[in-house]
Amino acid sequence: MRKLPDSLVRLLIVIAGLASVVLCIRFLVLPRSLTDMELHKQSAVERELEKPIQFAGSGICQECHEDEPATLAAGYHSTLSCETCHGPAQAHIDDFEYKPKAPRQRDFCPVCHMYDPSRPTGFPQINPIAHNPLLPCIECHDPHDPVPPETPRSCEACHAEIARMKAVSHHVQLECKVCHEATNEHMLHPRAEKPTKPANREFCGSCHAEDSDTVATPHIDLKTHGGRYLCWQCHYPHFPEAS
Amino acid sequence: MLRRKLLKMLTGALPGLTILTDPFARLLAQDEETAAQELPLYGMGIQVDRCIGCGNCMEACKAENNVPPEPTHMRTWVERYVIDSNNEVHVSLLNSRNRTSSQIDEQRNVLRTFFVPKLCNQCENPPCVQVCPVEATFKTEDGVVLVDNERCMGCGYCIQACPYGARYLHPETKTADKCTFCYHRISQGLLPACVNVCPTQARVFGNLKSPASPLTRLRRLKKINVLKPSLNTAPKVLYTDLDGEVR
Amino acid sequence: MNLDAISASENILRETTGFVFPNEIDVLWSIMIVVYPYLTGLVAGAFILASLVKIFKVRELQPTYRLSLLTALAFILIAPLPLVLHLGHPERSYEIFLTPQLGSAMAMFGFVYAWYLMVVLLLEIWFEYRRDMVIWARETKFPLSWIYRILSLFSNDLSQEGLNFDKRATRLITIIGIPSAFLLHGYVGFIFGSVKANPWWSSVLMPIVFLFSAIVSGIALVLILYMVLAPMRGEEINMKCLDRVAAFLFYAVIVDFSLEALDFIHRLYESEESIHILSELIVNKLFLSLVVIQILLGMIVPLAMLAGIRIFRANAELRKLIYFVSAILIQLGIFSVRWNVVIGGQMFSKSFRGLTTYKMEMLGLEGLLLALVLLALPLVILAVLLRFFPPTGSPAKDLSAST
C-alpha cells in the first residue's frame, strides 16, 4: 500500500477531530429538548392554548342575563353576539365590577347601518343626516329587538336567499304559504312566533304520492321510496333537485 | 399501521399466536378509529354577500390576539372593491370603524361594489411552512398553521412566501405572526373572535370533517371558491359569492 | 383603533399607490438582504475565475489565481453577516444547523455555506499555500512563525512528492469547487426563484441568472483588485493576463445579458396576470436602478466599450483605462441587479394592484451606513490576508535551499 502524504494525514486528523467534536455535541451533549421538533411544536401549541381570552363567546351571557338574550334571539338582531355591540366581556365574567360598554350614542349604530354602496342590497341602511337628526337611535329602536317601523310585506323581504333559490327550482309556482303558515306576529317578532313547517312524509305525498291526482309532478310509492327517512332529509324543498 | 402489519405478519407465521395478539390488534384498531374521529379539521367560510364592512372583525381580532394597533399589522382585514363602468377595479383597505364610506367616490359610475374579509387561509399546502428554515411555523393536526415564537428567528421568508399577505413581523417579539383561527378559543369550543362578533354571519366557522358543522351545510348549499387556486395552496378559508376580481 | 393609529395609517397609505395588502406596506427585506447575494456572488465569481487556471489551464491568468482565492475567502467570511444582522433574533440562528427544515431552501444555506467555506475554499487555499507556510514558518520570528506553523498544521514536508500531491489536491478540490460555487450562488437564486407567490422572483431562470451575474461580478472585482494592487506592490501589470481576464469578463457579460434578456422577453411574451403590475413597477419604481443603472450603465455601456477595444486595437494604457471603468460600471450594475430583485420584488403587492415604497434607513441595523461597512469589510480582511499570505509566495531560492 502506498503511504499517504504527510500533509493529507495531518489534514485528515484535524477534519476527523472537528467532525467528531461537532457530531459529539450534536448527538451526545445537546439535550433532546433542544433538538426534538415534536417537543417544540407541542410546547408551542400549549403556549398558544394558554393565551388569555377576551371575548367570552355567545353562550355564556344568558346564564345571568335572561331577558335580553331571549329578546335578541327572537328579533332581527338574532345573528348578533352580545359582544358585537358590548365589546369583549371576559373581564366582566371574571369580575362583575367591570362593566362592558353599552353604547348609546347616535354614532354607534351607523357603523353597521349607515348607507354604504358596498353593503349588500337589502341590508337595512339609513342616511344618518336625514334620518331623525340628533335623536339617539335607542329613542325609537330597542337594540335587542330593533323592530322596523313598518312590517315587511312579503316573505322575500327577509328570506331573499330562499326566494332566489326557489325561483329557479321546480317549486317556483308554490307560494310560501302552501307549506308554511306564518302569523302576523311572526312579521313583528320573527323568532318569537315561528312559521310552521311540514311535519311528515304524507305532506309531500299529497302531491307526490302515487295516488295523488296532481299532473306533471313526479310520483313515488311512499311505502317503498326512501325507507324511514323524511322527504327533506334528502330533498331540500326549496331546491328539490338537489339531494 | 406499521404495528398492525407487524402483528399480521407474526400471526401469519405462527397461527397459534393469534390468541395472544388478537386483543392487542383490536385495541390498536380502536385507537386508530377514535383518533381519526376525534381530530377535527378546522376551516372558515366567508359569505362575501353578507359582509357589511362594519370592521368589527378587525377590531375584535386586534383586541383578542394582542395584534399591534398599526394598520400595517393585520391578522384579518376587510377590503372594499369598487368596479366602475370602465371595468377598472379600485380596492381599498377598510381602515377603521366609522370611516367606511369616506373613500368611495360618488361621481364614479359604479358597476358593482362589495366587501371582502381576508385572513390567513390556513392552507393545506402552506408555502410558509415549506420555506421556514427552522420549522418554527408548522401545521397542527387539526389543520391550523401556527408560529412558534420561541423558535422563529425572524428571517421573514414565510412572509415573502405567503401569497395572501397574511403574515407580518410582530414589532415586539420580532417574530412572524399571523391568524391562528384563535386557536386558544376554538380548542375550548368557542368561536374565533372575528366570527363571534360578526353581526351578519358573513364568517362561518366549523369542522370540515363533521357532517353537522355549519361549514358543511355552507359547502353543500353554496358555490365555493378559494383565493389564488392556481397556486395549489389548497386554502381552508372558503369563499362564497366571490368575485373574479378578488385576489 | 385609536386616533394615532388612524393618522399613522393615513401617512402610510400616502406612500402606496393602488392597493397594497396591509402587511406588505413595510418593505421587510432591507438593503442588508441586497448586500448578502451581492457578496455571495462575488465569492462564487472570484472562485470560478481561479478555477479557470487550475482546470482549464488558462496559464495567462496565473497572476490572478491566488488573489482570486483570497478574495473569495475574504468575501465569504462576511457574506452571512448581513443575513444574520437582519434576523429578528440573530441569537437563534444556530437553529438552522441544529434543526433544519429540510424542505426549506433557506435551511440549506448553512450547509452549502459550510461546505463551500470548509471543504472547498479553506482546503484549496491550504494546499496552495502549504509550501509557502512551511517556508515562512522557518523564516519569520516568534509570534508569526508559530501562526504559520499552526496554520500549516505543523507540516514540514517540502519533498517533491509532497509538493506534487499538493498540486493534485488543489486540482481535485477545484473540480469539486466549480459545482460547489455553482451550487452556492445558484442556490441563492433558488431562494428567490422558488417563491411561487412572487411573480417577480418566481422563475426557473433565477438561479442561472444569479450564477452568471455572480461570475460577471467576481471577475470584474478581481480585475479591479489586480489593477489596484499590482502597482501598489510595485509590480508591472501583466497585460496578457489583464486582456485575458477582460475577455472572460466580456463573454460572461454577454451570457448574463442574454439570459436576462431571455427572462425579460419571456415574461413580456407570456404576459401573465402579473404583467401589468410588473410593468408599473419597472416604470414607476425601478426605472433608475433597472433601466438606467443595471441595463444601460451596468451592461450595455461596458459591453460596448469592451467590444470596441476588441475591434479597434487600442494601446495598453487605453485598454487599462477602459477595463477599469467597465469593471467599475459592471460592479455597479450587478449591485443594482441584487437591488432590483430583492427590493423590487417587495415593492409591488401580491394583490397585483398597487406599489409601496422602500425608505432606506441611513443609520441603524438596516441602514445604508452599515451596508457600506459590510461592503468594505471584506476588503479590509483581504488586505490582512494579502499581508500574511502574499500571492507572490516565498522566493524560489528558499525552495531550492531547503530541498
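A residue is called buried when its relative accessible area is under 20%, exposed when that area is over 50%, and partly exposed in between. These words are used throughout this report on a predicted model, in which the surroundings of chosen side chains are described one group at a time.

**A buried serine in chain C**

C:Ser30 sits in the loop between strand 1 (17–19) and helix 2 (31–54) of chain C. Its relative accessibility is 2%, and C:Ser30 therefore counts as buried, since buried means under 20%. The side chain of C:Ser30 also has a partner, because a polar contact of 2.5 Å joins it to the side chain of C:Glu366, and a pair of N or O atoms must lie within 3.5 Å to be given that name.

**A serine that reaches another chain**

Another serine, A:Ser81, is placed in the loop between helix 4 and helix 5 (82–86) of chain A. With a relative accessible area of 7%, A:Ser81 is buried. Which side chain does the side chain of A:Ser81 join in a polar contact? The partner is B:Asn196, and the polar contact between the two side chains is 3.4 Å.

**Salt bridges**

Over all chains, the count of salt bridges comes to 30. Three of these pairs are set out below, each with its N to O distance.

| Positive side chain | Negative side chain | N to O distance |
|---|---|---|
| B:Arg185 | B:Glu64 | 3.3 Å |
| B:Lys236 | B:Glu124 | 2.5 Å |
| C:Arg92 | C:Glu91 | 4.0 Å |

In the salt bridge between B:Arg185 and B:Glu64, the two partners come from separate helices: B:Arg185 belongs to helix 6 (residues 183–186) of chain B and B:Glu64 to helix 3 (residues 56–65) of chain B, so the pair ties together parts that are 121 residues apart in sequence. Both B:Arg185 and B:Glu64 are buried.

The salt bridge between B:Lys236 and B:Glu124 likewise links distant parts of the chain, 112 residues apart. Here B:Lys236 is in the loop between strand 10 (224–225) and strand 11 (237–240) of chain B, while B:Glu124 is in the loop between strand 4 (110–119) and helix 4 (127–131) of chain B. Are the two partners buried or partly exposed? B:Lys236 has a relative accessibility of 3% and so counts as buried, whereas B:Glu124, at 30%, counts as partly exposed.

In chain C, the side chains of C:Arg92 and C:Glu91 meet in a salt bridge. C:Arg92 counts as buried at 14% relative accessibility, but C:Glu91 is exposed, with a relative accessible area of 51%. Elsewhere, C:Lys54, C:Arg66, C:Glu128, C:Arg131 and C:Asp132 are joined into one network by salt bridges that share partners.

**Patches on the surface**

A negative surface patch is made up of A:Glu66, A:Asp67, A:Glu68 and A:Asp142. One of its members, A:Glu68, lies in helix 4 (residues 67–74) of chain A, and A:Glu68 is partly exposed at a relative accessible area of 36%.

A patch of positive charge on the surface gathers residues from two chains, namely A:Lys194, A:Lys197, B:Arg217 and B:Arg220. Among them, B:Arg217 is found in helix 8 (residues 214–221) of chain B, where it is partly exposed with a relative accessible area of 48%.

A nonpolar patch on the surface is formed by C:Leu81, C:Met362, C:Leu363, C:Leu369, C:Val373, C:Leu377, C:Val380 and C:Val384, which together have about 690 Å² of accessible area. Which helix gives the largest share of the nonpolar patch? Helix 14 (residues 368–388) of chain C does, with five residues. C:Val373 has its place in helix 14 of chain C, and at 41% relative accessibility C:Val373 counts as partly exposed.

**Positive phi angles in two loops**

A positive phi is found in A:Leu134, a residue other than glycine, where the angle is near 70 degrees. A:Leu134 lies in the loop between helix 7 (110–113) and helix 8 (160–167) of chain A, and it counts as exposed because its relative accessibility is 80%, with exposed meaning over 50%.

B:Asn87 is not a glycine either, and its phi is positive at about 65 degrees. The loop that holds B:Asn87 runs between strand 2 (76–84) and strand 3 (89–93) of chain B, and B:Asn87 is partly exposed, with a relative accessible area of 46%.

Technical notes: Residues numbered from 1 in each chain as written. Chains lettered and ligands numbered in written order. Heavy atoms only, no water. Patch = residues over 30% accessible without salt bridge, like charges linked within 9 Å, V, L, I, M, F, W, Y side chains within 5 Å. Areas by Shrake-Rupley, 256 points an atom, 1.4 Å probe, with all protein chains shown as cover. Lys, Arg positive; Asp, Glu negative; His and termini not counted. Charge placed at Lys NZ, Arg CZ, Asp CG, Glu CD. Helix = DSSP H or I, 4+ residues; strand = E, 2+ residues; numbered from the N terminus. Buried < 20%, exposed > 50% of the residue type's maximum accessible area, 1.4 Å probe, protein only. Polar contact = N/O pair within 3.5 Å; in protein donor to acceptor, adjacent residues only side chain to side chain.
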